[in-house]
Amino acid sequence: MAGLAEQVFAFLFKYRPLLWERGEVVLAGSPFVAIGGAALAAALVLTVLRYRTVRGETRPRDRWAMVGLRVAALALIAWVLAWPVLRVPTVIPQRNYVAVLVDESRSMRVPDEGGETRSAAAIDGFGAGSELYAALEERFLVRRFGFSTRVRSVDGMDQLAWVESRTDLAAALEGARQEMAGLPVSGVVLVTDGADNSEARAEGESESALADELLAFRSAGVPIYTVGLGLETIDPDVEVLRVDVPVRVQQGSTILAEVLVQQHGYAGDRARLDIEDAGRIVASREFDLPGDGQTVPVRLQLTAEERGARRLTFRVQPREGEALAENNQRETLLQVDGTARRILYVEGEPRFELKFLRRAVADDEALELVVLLRSAENKFLRLGVEDPEELAAGFPRTREELFRYDALLLGSVEASFFTADQLRMIGDFVGRRGGGLLVTGGRRAFADGGYRGTPLEDAIPVILESPGEEYFSEVAVSLTPAGRRHPALRIAGGETESAERWTELPHLTARNRVERVKPAAVTLLSGTTASDASQVVLAYHRFGRGLAAAFTVQDSWLWQMHADIPVDDLTHETLWRQLLRWLVSESPGRLNVSVPAEPSGPGEPLEIRAHVEDERFLRVNGASVTARLTSPTGGETEVPLEWKVERDGEYAATVRLPEEGLWRVDVMASVPDGEVVTGSAHALIGESRREYFAAGMRPRLLRRVADETGGRFYTSSDVDRLAEDIRFTESGHTVTEELDLWDMPAVFLALLGLLGGEWVLRRRRGLA
């Protein structure tokens with residue numbers, strides 16, 4: 001209840017809602033309670049007797065209504081005579097502490113309505129010369145703190161610089177609680193815009209940490225009074241809300257970046273989005289800005305040409321009169337991996353598809369295609385193996401052997417080619433190891449190959465119908481809406497050019513009838529058969545940690561050798577290279593290192609996480625894990641990573657890196673059996689802009705903090721009541737104050753209404 005409603009409540013009931021929430025209504029005139037009760041009983045008897053003598057046309061219902069109104073009025077008078085009071089706890093002046101926490105992050109420098117910054121509003125409200133601060137000092141012992149990701153004590157507002165690039169409300173409240181431990185605290189005042197953007201915690205941990213802190217304050221009986229500064233909406237403004245790009249890709253891969261842009265005040269205007277790599281524009285696109293408060297996705301395509309860590313900047317050019325230009329761009333790191341990824345291709349019979357697929361990826365240094373081809377009964381041809389022992393016994397018989405590959409490609413090979421354990425191994429290869437699986441069409445594939453009812457069926461993204469008569473059909477292949485957006489299917493220029501090229505490709509053939517996909521699967525390519533039936537051509541789904549796809553046609557080589565395809569056309573090579581790169585793109589190693597992709601400021605907490613697994617890709621606990629940090633100038637520092645007990649195989653350390661630039665993070669883990677595994681990543685240290693994103697004041701979060709601890713939420717319009725409100729609390733050294741209720745305007749109005757209502761009713765019935 002706020003604003004006009006709260007004023008009306010205070011007028012009627014004499015005191016503001018806060019006092020009623022924290023107080024208790026009691027009858028202070030104990031001797032008069034019995035007298036009032038007796039008088040009420042006598043008046044009730046007299047009233048009933050009087051109205052029983054009423055005759056004429058007065059109905060019994062009217063008589064009882066008049067009795068009820070008279071009795072209610074008499075009861076209200078008796079309640080007033082019993083001397084009702086509101087007992088509220090009140091702090092003893094200068095015996096209790098109040099902690100004032102002022103946000104000193106960069107978002108407090110954002111100018112709001114009238115050009116005044118939030119930091120200026122904080123100074124006006126809580127500076128040494130302000131009326132509010134004087135009122136606080138008159139009643140309490142006040143201690144001031146500045147906070148961002150930690151709390152520091154300050155003597156005055158002039159010691160706050162408002163330059164911190166990250167805010168962690170949970171850490172700030174924890175620090176204040178520790179600073180004030182053992183003192184009689186009446187409350188904590190949190191002066192902020194509500195930003196909470198700490199990335200030092202894992203996903204989900206920040207919310208959990210805040211909930212734990214609010215519970216601690218609630219248990220201690222210390223309310224938090226939140227003061228929200230700033231406007232909820234920055235206007236006019238264009239903001240780059242989110243950037244979606246892969247964290248790690250193979251060198252030479254096509255990347256589809258999706259950027260989400262929001263705006264206020266520029267609806268319908270034309271804008272341009274640029275992607276920069278080391279100061280060089282590598283992609284650009286113009287787009288129309290949506291309506292106020294709405295978002296628009298902008299998709300751009302680029303190629304990861306240079307290996308290593310690439311610093312990408314996504315920027316929408318600032319507009320004239322824009323209130324906040326700092327949120328027009330985002331930076332992120334893209335790890336471009338030059339290490340070749342190994343793919344095992346199992347084919348049950350010699351065919352053109354194998355020949356041309358190998359030719360398509362032969363010159364791709366990012367892919368190593370290892371082939372196991374059954375050339376005759378119990379005879380195999382091995383191609384691309386690293387040593388004579390690889391696949392010497394045929395398809396891998398152990399998980400350790402199979403899990404060395406990053407992806408698995410199954411051609412026209414029947415299920416009975418594998419043992420039941422090998423089929424389960426393939427399912428584990430996708431679900432547990434996180435490898436990629438692509439099942440292609442052929443006369444021995446899918447249901448026709450006997451995979452229905454096998455341990456591998458769950459991993460395949462399409463529904464395997466019962467095989468019927470021998471099937472063969474031409475298929476006209478076309479993009480689905482999801483396929484139109486997928487980077488692996490960009491075979492020519494941009495989105496429009498690629499979609500047009502797909503319509504020009506010749507028909508292929510299918511030996512497997514596949515018409516439906518599983519509920520969570522996504523169809524990228526669909527087809528129409530000669531009989532106008534639908535055919536799923538390319539579909540995928542997530543299966544456990546990995547990616548499983550189905551490509552149901554059997555002769556994609558026609559897209560290279562068909563008479564309508566020019567000799568120098570690279571459609572077939574481009575498609576297969578991109579498909580296989582996509583297949584291995586998320587296949588993890590045994591040690592995976594993660595750091596925030598966006599820049600962190602110098603000296604800010606930066607968390608390094610590593611996941612360690614054994615040869616069977618089971619999480620390893622108890623490993624010795626160390627990170628070597630190499631600065632941009634070549635200096636090295638070693639930091640041990642500690643096992644996070646609540647998560648198997650996860651190790652972490654929080655560091656503060658002082659030097660701006662690109663840091664290399666090399667992690668080495670020694671597992672219990674003595675084997676050493678390694679992994680690496682990069683961290684970007686530089687100017688952080690996270691405080692300028694979602695920079696509007698967040699009333700929902702601040703109201704929650706106050707409500708869950710028994711405090712109140714204020715804005716600049718009603719913050720002047722803060723000092724008075726803190727006075728009525730049970731926390732700290734308090735006394736009980738009694739506030740009279742008998743003279744409330746609501747009592748007089750209720751009495752007037754009851755007696756007036758009775759008189760009106762009597763007059764209408766001719767009794768007055």
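In this predicted model, Asp235 touches His264, Gly265 and Ala323, when residues up to four places away in sequence are not counted. Asp235 itself belongs to the loop that lies between strand E7 (224-228) and strand E8 (237-244). Its relative accessible area is 49%, and because exposed residues must have over 50%, Asp235 is classed as partly exposed. Position along the chain can also be set beside position in space: Asp235 and Val188 are 47 residues apart in sequence, and their C-alpha atoms are 31 Å apart.

A second residue to consider is Gln422, which is found in helix H11 (residues 420-431). Is Gln422 buried or exposed? Gln422 has a relative accessible area of 7%, and it is therefore buried, since the limit for that class is under 20%. Apart from neighbours within four places in sequence, Gln422 is in contact with Phe395, Pro396, Arg397 and Phe417. With Phe395 there is a further detail: the side chain of Gln422 reaches the backbone oxygen of Phe395 at 3.4 Å.

The last part of this account concerns strand pairing. Strand E23 (residues 522-529) pairs with strand E21 (residues 473-479) in the antiparallel sense, over 5 bridges. Within this pairing, Gly527 in E23 stands opposite Val477. E23 is also joined to strand E24 (residues 534-543) by 6 bridges, and these two strands run antiparallel. Here Leu525 stands opposite Leu538 in E24. E23 and E24 form a hairpin with 4 residues between the strands, where Asp532 takes a positive phi near 65°. When examining such strands, the reader may recall that side chains in a regular strand alternate between the two faces of the sheet.

Note on methods: Residues numbered from 1 in each chain as written. Predicted model: local features only at pLDDT ≥ 70, side-chain atom pairs only at ≥ 80, totals over all residues. Heavy atoms only, no water. Pairing = 2+ DSSP bridges. Buried < 20%, exposed > 50% of the residue type's maximum accessible area, 1.4 Å probe, protein only. Contact = heavy atoms within 4.5 Å. Polar contact = N/O pair within 3.5 Å; in protein donor to acceptor, adjacent residues only side chain to side chain.
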